[in-house]
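Welcome! Here are some short exercises, each with a worked solution, to help you find your way around a protein model. Keep the viewer open as you read.

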Amino acid sequence: MKIYPEIEVSNAQHEAIQALRNKAFPDHQVARSYYKQLLHMRALQYQDNQLIGYMGLDYRAVNVGGDVYKVLGVSDFCIDSAWQRKGIGSSMLAQLADYASDKDVDFIVLISELHDFYVANGFQLVESHASWLRIHEHTNYGVAVEYVDELYVKPMKDKSWPAGHMDWLGYMY
């Protein structure tokens with residue numbers, strides 16, 4: 001897996017990401033390589049020059065229970081269906097944790113319905129009320145405040161995810 005700064009992702013890579021992302025998320029089709037907002041980085045996994053794994057990465061501060069944490073958020077994580085159940089997703093998550101371990105990152109965070117997969121890869125399910133910027137098709141629809149029950153976190157330091165309201169300080173991944 002290689003991590004690219006967003007500004008260095010080529011047109012060909014954007015096209016491959018868009019194709020893989022749209023194939024993986026059929027209910028969320030878009031004519032671009034990201035769903036809601038440009039990301040800070042892209043993690044790409046290739047096999048014989050074919051993109052088989054992708055995750056968008058967003059680095060930001062979030063406020064949880066009044067304390068600020070630096071998080072590396074995972075967005076649109078997907079593996080080509082022909083390559084699923086071969087350890088590629090777990091390998092990408094392990095490489096991401098290695099990457100973040102010596103950076104100023106308190107937690108890796110993501111939203112998912114794949115409970116068993118993420119728990120098996122060292123993530124913890126946390127639930128809380130949260131607020132975030134509701135964005136759809138490049139339009140801001142204001143701030144949402146709702147209960148979130150599919151948030152997974154992986155500590156990168158000796159910190160525990162606190163109880164309390166989570167303010168995403170931006171859009172939800």
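The exercises below deal with a predicted model.

**Exercise 1. Check the length of helix H1 against the span expected for its 14 residues.**

Solution.
- Step 1: Find H1, which runs over residues 11–24.
- Step 2: At 1.5 Å a residue, the 14 residues of H1 should span 20 Å.
- Step 3: The C-alpha atoms at the two ends of H1 are 20 Å apart, so the model agrees with the expected span.

**Exercise 2. List the buried residues of H1 and find the strands they pack against.**

Solution.
- Step 1: The buried residues of H1 are Gln-13, His-14, Ile-17, Leu-20, Arg-21 and Asn-22.
- Step 2: Their packing partners are strand S1 (2–5), together with S2, S3 and S4.

**Exercise 3. Describe the largest pocket: its volume, the residues closest to its centre and the make-up of its lining.**

Solution.
- Step 1: The volume of the largest pocket is about 1200 Å³.
- Step 2: Its lining holds 37 residues, and those closest to the centre are Phe-25, Phe-77, Ile-111, Ser-112 and Glu-113.
- Step 3: Several elements supply at least two lining residues each, among them H1, helix H2 (88–101) and strand S6 (124–136). The largest share, six residues, comes from S4.
- Step 4: Sorted by class, the lining has 20 nonpolar, nine polar and eight charged residues.

**Exercise 4. Take Ser-112 and decide: is it buried or exposed? Then find its partners.**

Solution.
- Step 1: Look in the loop between S5 and H3, where Ser-112 lies.
- Step 2: Its relative accessible area is 11%. Buried means under 20%, so Ser-112 is buried.
- Step 3: The side chain of Ser-112 reaches the backbone nitrogen of Leu-114 at 2.9 Å.
- Step 4: Setting aside residues up to four places away in sequence, Ser-112 touches Tyr-118, Glu-150 and Tyr-152.

**Exercise 5. Do the same for Asn-121: is it buried or exposed, and which residues does it touch?**

Solution.
- Step 1: Asn-121 sits in the loop between H3 and S6.
- Step 2: With 14% relative accessibility, Asn-121 counts as buried.
- Step 3: Without residues up to four places away in sequence, Asn-121 touches Ser-90, Leu-93 and Lys-154.
- Step 4: The side chains of Asn-121 and Ser-90 are joined by a polar contact of 3.2 Å.

**Exercise 6. Find where Asn-49 and His-138 lie, and look at their phi angles.**

Solution.
- Step 1: Asn-49 is in the loop between strand S2 (41–47) and strand S3 (50–64).
- Step 2: Although Asn-49 is not a glycine, it has a positive phi of about 65°.
- Step 3: At 79% relative accessibility, Asn-49 counts as exposed, since exposed means over 50%.
- Step 4: His-138 lies in the loop between S6 and strand S7 (139–155). Its phi is near 60°, again a positive value in a residue other than glycine.

**Exercise 7. Place Tyr-141 in the model: is it buried or exposed, and which residues is it in contact with?**

Solution.
- Step 1: Tyr-141 belongs to strand S7.
- Step 2: Its relative accessible area is 53%, so Tyr-141 is exposed.
- Step 3: Beyond its neighbours within four places in sequence, Tyr-141 is in contact with Arg-134 and His-136.
- Step 4: Now locate Arg-21, one of the buried residues of H1. Arg-21 and Tyr-141 are 120 residues apart along the chain, and their C-alpha atoms are separated by 24 Å.

Terms used: Residues are numbered from 1 along each chain as its sequence is written. This is a predicted model: local features need pLDDT of at least 70, side-chain atom pairs count only at pLDDT 80 or more; totals for chains, interfaces and linings use all residues. Side-chain values use heavy atoms; hydrogens and water are left out. On a 1 Å grid over the protein atoms alone, a cavity is a set of points where a 1.4 Å probe fits but cannot get out, and a pocket is an open set with protein on both sides within 12 Å along at least five of seven lines; lining residues have an atom within 4 Å of a point. Grid points are joined across faces, edges and corners, and a volume is the space filled by probe spheres set on the points. Helices (H or I, at least four residues) and strands (E, at least two) are DSSP runs, numbered from the N terminus. Ala, Val, Leu, Ile, Met, Phe, Trp, Tyr, Cys and Pro count as nonpolar, Asp, Glu, Lys and Arg as charged, and the others, Gly among them, as polar. Buried means under 20% relative accessible area, exposed over 50%, partly exposed in between (1.4 Å probe, protein chains only). The expected span of a helix is 1.5 Å times one less than its number of residues. Contact means heavy atoms within 4.5 Å. A polar contact is a pair of N or O atoms within 3.5 Å; within protein, one must be able to donate a hydrogen and the other to accept it, and residues adjacent in sequence count only if both atoms are side-chain atoms.
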